[in-house]
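Hello,

Here is the structure we spoke about, with the sequence alongside. My notes on its pockets follow.

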Amino acid sequence: KAQTSIRTLSGGMKRRLTLARALINDPELLILDEPTTGLDPQARHLIWDGLRQLLKQGKTILLTTHFMDEAERLATRLAVIDHGTMIACDTPRALLEAHVEPEVVEVYGEDARTWAAARGRALSNRLEIAGETAFCYANDAAPLLADLATHSGVRYLHRPANLEDLFIKLTGRELRD
């Protein structure tokens, strides 16, 4: 690709070129602003692999991202910033343990709101409604799952809490300009 115009490169190739240009002087500190925005999964994983290699070489990376899975995969320390103020800072795992219940059950479907009002609130440590989805946060999801198994009007997904749950709990669900 040495003779190729940058205008003809794909988004992933442009990101890789930008990263290569940033590394040409072998810096100790890299400041990256959302380096994988707009990339397909293959290109994103390639960038992540490259960043992990740089970390293994002892480089320091300051990374801003809105992709919580990216932060969880790459960060050794994570700061949550809201309206320009740092509201939490620690390792990703420590932040999750300190602020969010370990299990999440997402309940959706035509009867999700009805189920949440009648049963979900009582069976959850914390319950949030967003659109047609009830997010049930629990220390032990077994009672939630047993109850949901008896309701045919809802579907659900049981998963561990993640950094997106943390971010939303600390900053709120409402959209911002």
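**Pockets in the predicted model**

The lining of the second largest pocket splits by class into six nonpolar residues, one polar residue and three charged ones. Please keep in mind that this is a predicted model.

The residues in that lining are R15, T18, L19, A22, L32, D33, E34, P35, I47 and L51. Two or more of them come from each of helix 1 (11-23), strand 1 (29-33) and helix 2. Helix 1 has the largest share, with four residues. The volume of the second largest pocket is about 150 Å³.

The largest pocket has a volume of about 900 Å³. Its lining is made up of 30 residues, and five elements supply two or more residues each:

- helix 2 (41-56)
- strand 2 (60-64)
- helix 3 (68-74)
- strand 3 (78-82)
- helix 7 (163-171)

Helix 7 gives the largest share of this lining, six residues. If you want to find the pocket in the viewer, look for L63, T64, T65, L78 and A79, the lining residues that lie nearest its centre. By class, the lining of the largest pocket comprises 18 nonpolar, seven polar and five charged residues.

Helix 2 appears in both lists: it gives two or more residues to the lining of the largest pocket and two or more to that of the second largest pocket.

Regards

Methods
Residues are numbered from 1 along each chain as its sequence is written. This is a predicted model: local features need pLDDT of at least 70, side-chain atom pairs count only at pLDDT 80 or more; totals for chains, interfaces and linings use all residues. Side-chain values use heavy atoms; hydrogens and water are left out. On a 1 Å grid over the protein atoms alone, a cavity is a set of points where a 1.4 Å probe fits but cannot get out, and a pocket is an open set with protein on both sides within 12 Å along at least five of seven lines; lining residues have an atom within 4 Å of a point. Grid points are joined across faces, edges and corners, and a volume is the space filled by probe spheres set on the points. Ala, Val, Leu, Ile, Met, Phe, Trp, Tyr, Cys and Pro count as nonpolar, Asp, Glu, Lys and Arg as charged, and the others, Gly among them, as polar.
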